[in-house]
Amino acid sequence: MSVISLVSYEDALASYDPVMGLEVHVELGTRTKMFCGCSTELGAEPNTQTCPTCLGLPGSLPVVNRIGVESAIRIGLALNCEIAEWCRFARKNYFYPDMPKNFQTSQYDEPIAFNGYLDVQLEDGEVFRVEIERAHMEEDTGKSTHVGGATGRIHGAEYSLLDYNRAGIPLIEIVTKPIVGAGERAPEVAKAYVTELRELIRTLGVSEARMDKGQMRCDVNLSLRPIGREKFGTRSETKNVNSLRSVERAARFEIQRHATVLQDGGTIVQETRHFHEENGSTTSGRIKEEAEDYRYFPEPDLVPIAPSREWVEELRAALPELPRVRRARLQAEWGLSDKDMQAVLNAGAVEPILETVAAGAPADQARKWWLGELARRANETGTELADQPITPAQVARVCALVAEGKLNDKLARQVIEGVLAGEGEPDEVVGKRGLAVVSDDSALGAAVDQAIADNPDVAAKIRDGKVQAVGALVGAVMKATRGQADAARVKDLILERLGA
């Protein structure tokens with residue numbers, strides 16, 4: 001797919017201020033659906049987790065999932081929102097084949113949580129506050145699979161398949177207020193916000209928030225306004241962006257696209273757009289509806305939700321340590337500078353390090369391997385650090401082998417390489433590759449004697465008291481043993497041999 005010729009990002013920002021709005025849908029990890037008792041377990045055969053209620057059959061009546069409501073309140077509290085004393089569901093009317101009822105049960109003008117904020121930290125440590133307009137409850141749609149055609153979308157498809165297992169799974173939609181003032185950093189702010197929100201959701205335990213599995217999806221709304229103007233421009237909405245990197249790329253592309261259209265004298269159309277991972281571009285979807293197009297009205301089959309203040313305060317008191325608070329504590333416990341902690345955050349290494357420490361490794365050693373060898377591999381393969389094919393327990397075992405003197409750093413890197421290549425557990429890789437440190441005096445003695453014999457001038461200097469010259473002989477022994485010698489023991493043996 002070709003990408004249209006765009007003005008440069010710098011030129012776009014020279015004339016316009018970006019205004020963003022982010023809508024994030026989070027699929028809750030409840031055992032049953034939002035308004036019926038059907039299972040939410042992934043991987044079942046299509047249309048086997050359905051009932052008259054989630055299929056919208058006449059005469060069926062919904063019942064609200066209490067855990068879904070509780071999860072919504074906890075998310076609202078963690079986002080510093082006010083929690084409604086009284087709210088209700090509404091019918092959002094529109095037709096798609098994956099909407100078996102022809103309407104979505106959602107919340108409209110009475111959300112359960114509203115008027116909050118989330119502070120997010122950018123890669124250089126700057127903190128940016130994103131204000132939250134609302135967090136409301138709704139249900140997911142079914143899944144459409146368009147077969148045939150070149151794009152995987154309905155246009156050009158030969159036929160479509162529908163799976164209603166997902167219809168009715170509880171969602172929380174979190175909507176920001178317009179994000180202004182970010183300037184050229186707007187795409188970075190978008191990525192940082194979704195990153196922080198994902199971490200918060202996981203900390204609350206209400207969802208795994210796996211973007212690759214559709215458990216968390218982001219709609220990126222963007223408009224431009226000429227610098228110095230107050231009125232916002234016409235917005236576009238890039239739908240269902242499903243990775244952190246793509247959120248940033250979508251915002252950046254839309255800034256450039258809007259600027260290109262406006263500078264050419266064109267008009268921005270209010271529409272939904274599709275994001276394309278392969279080249280970072282967006283293409284038009286459909287003209288965006290306004291709220292009145294959905295003909296919202298209160299859901300007559302559900303009673304209003306009125307969470308008691310006592311219940312809300314119980315949930316507030318039971319909130320876990322939230323991500324920003326935990327990061328500050330860990331930074332103090334690990335003794336890291338702001339710069340070092342930021343490096344850990346930027347690499348996405350907090351959880352891997354924590355789990356490695358929990359498996360028995362010292363924090364400094366866990367950080368060393370995750371930010372070194374493993375971060376390098378993640379960068380080379382373009383994957384997330386936490387998705388590397390090595391577990392924190394395996395990294396902790398490598399740390400233990402080094403601490404026991406069975407590996408040095410060079411050999412440990414080879415062991416990690418073997419684990420990543422699927423050769424087994426660290427101890428298995430050591431055995432298969434013959435990587436254990438050689439510390440036995442009899443095994444090292446011949447290599448030490450040979451190094452002394454090959455370097456008589458260096459040996460003479462050491463005999464004369466210039467002990468610092470021993471490094472050259474240690475290096476020779478390490479080379480001869482392919483890095484498997486215990487360097488400390490080699491040094492001791494050389495000094496003993498030379499009477500230093």
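Start with helix α5: Trp311, Val312 and Leu315 are buried there. These three cover an arc of only 100 degrees around the axis, which puts them on the same side of α5. Flip to the other side of α5 and you find Glu310, Glu314 and Ala317, which are exposed. Keep in mind that this is a predicted model.

**Around α5**

- The cover over the buried residues of α5 includes α2 (66-78) and β2 (82-83).
- Just ahead of this helix comes a loop, between β14 (297-298) and α5 (309-317), and Glu299 has its place in that loop.
- Glu299 is a charged residue that ends up buried, because its relative accessible area is 7% and the cut-off for buried is under 20%.
- The side chain of Glu299 reaches back to the main chain, with the backbone nitrogen of Asp301 at 2.8 Å.
- Setting aside neighbours within four places in sequence, Glu299 is in contact with Phe89, Ala90, Arg91, Phe103 and Thr105.

**The whole chain**

- The fold counts 17 helices and 14 strands.
- Of the 500 residues in the chain, 46% are buried.
- Take the contacts with a separation of 6 or more: 68% of them come from residues 24 or more positions apart.

**Arg326 in α6**

- Helix α6 (residues 323-334) is home to Arg326.
- Arg326 is another charged residue that counts as buried, since its relative accessible area of 14% falls under the 20% limit.
- Beyond residues up to four places away in sequence, Arg326 touches Glu199, Glu321, Val350, Glu351 and Leu354.
- One of those partners, Glu351, also makes a polar contact with Arg326, side chain to side chain, at 2.3 Å.

**α9 and its tryptophans**

- Helix α9 (residues 363-371) has Ala366, Trp369 and Trp370 buried.
- Looking down the axis of α9, its buried residues fall within an arc of 95 degrees, so they line one face of the helix.
- What do the buried residues of α9 pack against? They pack against four helices, namely α8 (350-358), α10 (373-381), α11 (392-403) and α12.
- Trp370, itself part of α9, is buried with a relative accessible area of 2%.
- The neighbours Trp370 touches, leaving out residues up to four places away in sequence, are Pro352, Ile353, Thr356, Ala375, Leu385, Ile390, Pro392 and Val395.
- With Thr356 there is a polar contact too: the two side chains are joined at 2.7 Å.
- Trp370 and Val350 are 20 residues apart along the chain, and their C-alpha atoms are separated by 9.5 Å.
- Val350 turns up in the Arg326 story as well, as one of the residues Arg326 touches.

**How α12 meets α13**

- Two packed helices are described by the angle between their axes and the distance between the axes.
- Helix α12 (residues 409-420) and helix α13 (residues 426-433) pack at about 110 degrees, and their axes are 9 Å apart.
- That angle makes α12 roughly perpendicular to α13, because the range for that label is 65 to 115 degrees.
- From α12, the contact is made by Gln414, Val415, Glu417, Gly418 and Val419.
- From α13, the residues making the contact are Pro426, Val429, Val430 and Arg433.
- Sorted by class, the contact of α12 with α13 has five nonpolar, two polar and two charged residues.

**Two positive phi angles**

- Most residues other than glycine have a negative phi.
- Asn115 has a positive phi of about 60 degrees, although it is not a glycine.
- Asn115 is found in strand β5 (residues 113-121), and is partly exposed, with a relative accessible area of 37%.
- Arg295 is another non-glycine residue with a positive value, its phi being near 50 degrees.
- Where does Arg295 lie? Arg295 lies in the loop between β13 (281-287) and β14.
- Is Arg295 buried or exposed? Arg295 counts as exposed, because its relative accessibility is 53% and the threshold is over 50%.

Conventions:
Residues are numbered from 1 along each chain as its sequence is written. This is a predicted model: local features need pLDDT of at least 70, side-chain atom pairs count only at pLDDT 80 or more; totals for chains, interfaces and linings use all residues. Side-chain values use heavy atoms; hydrogens and water are left out. Helices (H or I, at least four residues) and strands (E, at least two) are DSSP runs, numbered from the N terminus. Buried means under 20% relative accessible area, exposed over 50%, partly exposed in between (1.4 Å probe, protein chains only). A polar contact is a pair of N or O atoms within 3.5 Å; within protein, one must be able to donate a hydrogen and the other to accept it, and residues adjacent in sequence count only if both atoms are side-chain atoms. Contact means heavy atoms within 4.5 Å. The arc is that of the directions from the helix axis to the C-beta atoms. Axes are lines fitted to C-alpha atoms, for helices over the stretch in contact, and angles run from 0 to 180 degrees between N-to-C directions. Angles under 35 degrees count as roughly parallel, over 145 as roughly antiparallel, 65 to 115 as roughly perpendicular and the rest as oblique.
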